[in-house]
Amino acid sequence: MTDGPRQSTGGDGARGATVEDVVLNANTAFYNAFEAGDLDLMAAVWLPEPDPVCIHPGNAAISGYAELMRAWAMIFANTPYIQFFLTDVQVRVDEDVAYVTCTENVLSSGEGAPEEGFAGGKALATNVFRRTSAGWRLWIHHASPVLSSGGRQEEAE
């Protein structure tokens with residue numbers, strides 16, 4: 001969902017790119033940092049203050065930039081491989097706040113994966129961004145596991 005194309009203002013994207021495009025690029029940077037397991041890239045994505053919040057599927061909320069970076073360091077240390085295939089991506093921009101919703105289709109190895117194999121999963125995510133002088137920064141990430149296919153058949157039963 002978008003409000004329609006709007007031209008980007010400020011130094012937060014390519015000339016001629018819409019604000020929505022720039023926010024989607026910031027969203028992509030988050031998942032690229034996650035896949036790369038790169039703490040420096042991840043740190044650059046997040047808004048240091050006011051207190052950012054991150055909720056991973058099945059876990060409690062992590063608040064505050066320092067706590068988030070510690071949590072990401074632990075995740076990266078314990079995740080040898082992770083890849084995201086995003087579907088159902090929607091973006092909404094309202095002044096200096098924007099959000100992206102998507103389905104995270106995840107392929108990973110490590111804890112919980114079969115021996116010498118990969119595990120798959122799916123989560124619904126909301127990523128909230130704030131515009132800063134340095135561009136759009138992630139303020140809130142909330143991912144919830146998908147526990148069923150959610151088809152019409154299940155809803156009728």
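How many bridges join β3 to β4, and in which sense do the two strands run? In this predicted model, strands β3 and β4 run antiparallel and are joined by 12 bridges. Within the pair, Val91 of β3 has Val100 of β4 standing opposite. The two strands are connected as a hairpin with 2 residues between them, and in this hairpin Glu95 adopts a positive phi near 60°. A positive phi, of about 55°, is also found at Asp88, although Asp88 is not a glycine. Asp88 belongs to strand β3 itself.

The β3–β4 pair is part of an open sheet of 6 strands. The strand order is β2-β1-β6-β5-β4-β3, and the pairing is mixed. The edge positions are taken by β2 (62–63) and β3 (81–94); each has a single partner strand, so one side of each is left without a neighbour in the sheet.

Next in the sheet order, β4 pairs with β5 over 12 bridges, in the antiparallel sense. In this pairing, Cys102 stands opposite Ala125 in β5. Strands β5 and β6 likewise run antiparallel and are joined by 10 bridges. A hairpin leads from β5 to β6 through 2 residues. Two of the residues with bridge partners in β6 are Val128, which is matched with Ile140, and Phe129, which is matched with Leu138.

The parallel component of the sheet is found where β1 (residues 53–55) meets β6 (residues 135–145), with 3 bridges between these strands. Here Cys54 is placed opposite His141 of β6, and Ile55 has His142 of β6 as its bridge partner. The loop between α2 (39–45) and β1 contains Pro50. The peptide bond from Glu49 to Pro50 is cis, with omega near 0°.

Helix α1 lies across β3, β4 (97–109), β5 (119–132) and β6. Relative to β3, the helix runs at about 160°. Two packed helices are described by the angle between their axes and the distance between the axes. For α1 (residues 19–36) and α3 (residues 65–77), the packing angle is about 50° and the axes are 9 Å apart. That angle makes α1 oblique to α3. The residues that meet are Phe30, Ala33 and Phe34 on the α1 side and Trp72, Ile75 and Phe76 on the α3 side. By class, this contact has 6 nonpolar residues, with no polar and no charged residues.

Several of the residues in the helix contact, including Phe30, Phe34, Trp72 and Phe76, recur in an aromatic cluster. The members of this one cluster are Phe30, Tyr31, Phe34, Trp46, Trp72, Phe76 and Phe84. In total, the structure holds 9 aromatic pairs. A further arrangement concerns a charged group and a ring: the charged end of Arg130 sits over the ring of Trp139, at 4.5 Å from the ring centre. Arg130 falls within the range of β5 (119–132), and Trp139 falls within that of β6 (residues 135–145).

Terms used: Residues are numbered from 1 along each chain as its sequence is written. This is a predicted model: local features need pLDDT of at least 70, side-chain atom pairs count only at pLDDT 80 or more; totals for chains, interfaces and linings use all residues. Side-chain values use heavy atoms; hydrogens and water are left out. Axes are lines fitted to C-alpha atoms, for helices over the stretch in contact, and angles run from 0 to 180 degrees between N-to-C directions. Helices (H or I, at least four residues) and strands (E, at least two) are DSSP runs, numbered from the N terminus. Angles under 35 degrees count as roughly parallel, over 145 as roughly antiparallel, 65 to 115 as roughly perpendicular and the rest as oblique. Contact means heavy atoms within 4.5 Å. Ala, Val, Leu, Ile, Met, Phe, Trp, Tyr, Cys and Pro count as nonpolar, Asp, Glu, Lys and Arg as charged, and the others, Gly among them, as polar. Rings of Phe, Tyr and Trp (its six-membered ring) pair if their centres lie within 6.5 Å; planes under 30 degrees apart count as stacked, over 60 as edge-to-face and the rest as tilted. A charge sits over a ring if NZ of Lys or CZ of Arg is within 6 Å of the ring centre and within 35 degrees of the ring normal. Two strands pair if DSSP finds at least two bridges between them.
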